[in-house]
Amino acid sequence: MYDFTYAKPASLAAATAALATEDAKAMAGGMTLIPVLKQRLNKPSVVVDLSGLGLTGITVTGDSVTIGAMTTHAAVAASAEVKRAIPALAALAGIIGDKEVRHRGTIGGSLANNDPAADYPAAALALGATITTSKRAIHADDYFQGMFTTALEADEIITSVSFPVPAKAAYEKFKNPASRYAMVGVFVAKGPAGTRVAITGAGQGGVFRHAGFEAALAANWSAAALTGVPTSDADLNSDIHASAEYRAHLCNVVARRAVAAAG
Amino acid sequence: MPQVTLTVNGKSATVEVEARTLLVELLREKLGLTGTHIGCDTSQCGACVVHVDGVSAKSCTMLAVQANGCAITTIEGLAAADGTLHPMQEMFREHHALQCGFCTPGMVMAAVDLVNSNPQGLSEDEIRHGLEGNLCRCTGYHNIVKAIDAAQGLMHAPAAQ
Ligand SMILES: Cc1cc2nc3c(=O)[nH]c(=O)nc-3n(C[C@H](O)[C@H](O)[C@H](O)COP(=O)(O)OP(=O)(O)OC[C@H]3O[C@@H](n4cnc5c(N)ncnc54)[C@H](O)[C@@H]3O)c2cc1C
Ligand code: FES
Ligand code: FES
């Protein structure tokens, strides 16, 4: 790892100022950033630790769940309030990586990173979440812009994420057995944002909505409604773990499991 | 150079580090606590697990500066002052839950956290899933799972407190 300067600002304004330095990089749980730095894939001048900004906590109202950017996966998974309002979201947080990753990894870090196989992007897109930053509020539909790419500017900090409470929702993932990242993960939701299906792990461009599945489920919310609905493998990932064709097949299998789980 | 003040196994320490120094490097190289192992470079094997403010964490994926002000417990701090082994250590010995021993410090620290955070008790399946962050190349896990199952009985027994 190349050396860098470490900063732990105590206010959002100070953090934004620190991030304005050339090649500055924010750090949340470090579960992605530190492995990246170890591989020398990134050479930041300053690492700006966001843990002093008070961005943790969960607020649940009648129609939304708002989670502070620095809230860990473990805290979301264990939250009785999240389990009651959006059980699918708590369950998703509880199957990210392993216990030690969940103790430190955060929702803000996961959404900022937008790994094409990460879990939270599927929830944010399917539920129509709003990502609130130090500058503005961004709807999930405008936020995800391709693998590892988001609408965030270099000095923009996610402060919280707000999820509308759906009538029904579930997340199922077909895990890569070694890394536990999604080979294919499907979040299905029926709620204020409509009937939405978001798929992670499969697409070359990161998380995406599946128009065919959404139309079938809007007409008939049942696993059977998805039988035979095709997924084109043209834009899907092919790697040592699975071919694009296999991932296309998995999309349908995993989506049917998710609808069955949502009830 | 940044200075880090932290408590390790009950003792306070102030150490000069580089910003890029990992917590595991601080423990092993600055404090000589070589019980915490480094098994991979990818945050996957769990050989480096310690407790940070009572919660298990991979010390190879944490900067030393992030541990400023924290209380750390390593495998060296688990046994009682008189040398009596922690019930988890005792059960690892009893059930032959190690062969080469390389994964054992991280395995034991992760297992103690797992049992502590599940006072209602864990099924065999939950123990296996709870160890997703720890790899063992020798044992095939069966005896590790048996040891943790036995230890949870001892750790939750009123006399163990
Ligand atoms: C072994 C292992 C297994 C994993 N398995 C899974 C899995 O199954 N599913 C899954 O989804 N993820 C998985 N992860 C990734 C994990 O969820 C990370 O926690 C997450 O991707 C990044 O969160 P973090 O808080 O650690 O962010 P960091 O690593 O600190 O930061 C990641 C990136 O986001 C930026 N950033 C962080 N916070 C903010 C913010 N608030 N505003 C703006 N930018 C910010 C940083 O600058 C950096 O570029 C795994 C990680 C490991 C090590
Ligand atoms: S050395 Fe920390 S996870 Fe492998
Ligand atoms: S005992 Fe050898 S790696 Fe686990």
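How many salt bridges does the structure hold over all chains? The count is 17, a salt bridge being a side-chain nitrogen of Lys or Arg within 4 Å of a carboxyl oxygen of Asp or Glu.

Before the details, the conventions. This is a predicted model, in which local features need pLDDT of at least 70 and side-chain atom pairs count only at pLDDT 80 or more, while totals for chains, interfaces and linings use all residues. Residues are numbered from 1 along each chain as its sequence is written, chains are lettered from A and ligands numbered from 1 in the order in which they are written, and side-chain values use heavy atoms, with hydrogens and water left out.

I'll start with one salt bridge inside chain A. Lys135(A) and Glu153(A) pair through their side chains, with 3.0 Å from N to O. Lys135(A) sits in the loop between β6 (130–133) and β7 (137–139) of chain A, and Glu153(A) in the loop between α9 (140–143) and β8 (158–164), so the pair ties together parts that are 18 residues apart in sequence. Helices (H or I, at least four residues) and strands (E, at least two) are DSSP runs, numbered from the N terminus.

Next, the domains, whose bounds come from an automatic or database domain assignment. Chain A has domain 1 (1–46) and domain 2 (168–262), and their centres, taken over C-alpha atoms, are 34 Å apart. Chain B has domain 1 (3–77) and domain 2 (87–160), with 21 Å between the C-alpha centres.

In chain B, 17 residues of domain 1 are in contact with 14 residues of domain 2, where contact means heavy atoms within 4.5 Å. These two domains of chain B bury about 1100 Å² between them, 62% of it on carbon and sulfur atoms. Buried area here is the accessible area (1.4 Å probe) that two parts lose on being put together, summed over both. Which three residues supply 41% of the area that domain 1 of chain B buries against domain 2 of chain B? They are His37(B), His51(B) and Ile75(B), more than any other three residues.

The rule finds zero salt bridges across this domain interface of chain B. There are six residue pairs in polar contact between the two domains, both residues at pLDDT 80 or more. A polar contact is a pair of N or O atoms within 3.5 Å; within protein, one must be able to donate a hydrogen and the other to accept it, and residues adjacent in sequence count only if both atoms are side-chain atoms. On the domain 1 side of chain B, the elements giving two or more residues are β3 (49–52) and β4 (55–58), and β4(B) gives the largest share, three residues.

Now the interface between the chains. Here 26 residues of chain A are in contact with 25 residues of chain B. The two chains bury about 2100 Å² between them, 56% of it on carbon and sulfur atoms. Four salt bridges cross this interface. Lys58(B) forms a salt bridge with Asp98(A), the closest N and O atoms being 2.7 Å apart. Polar contacts join 10 residue pairs across the two chains, both residues at pLDDT 80 or more.

On the chain A side, α2 (33–38) and α6 (99–104) each give two or more residues. The largest share, six residues, comes from α6(A).

Last, the ligand. Where does the site of ligand 1 belong? Residues from chains A and B surround ligand 1, so the site is shared between chains. In total 33 residues surround ligand 1 (a heavy atom within 4 Å of it), and the closest are Ala26(A), Ala28(A), Gly30(A), Leu33(A) and Thr106(A). For Ala26(A), a polar backbone atom is 2.6 Å from an oxygen atom of ligand 1. Gly29(A) likewise has a polar backbone atom 2.9 Å from an oxygen atom of ligand 1. With Ile158(A), a backbone N or O atom lies 2.8 Å from a nitrogen atom of the ligand.
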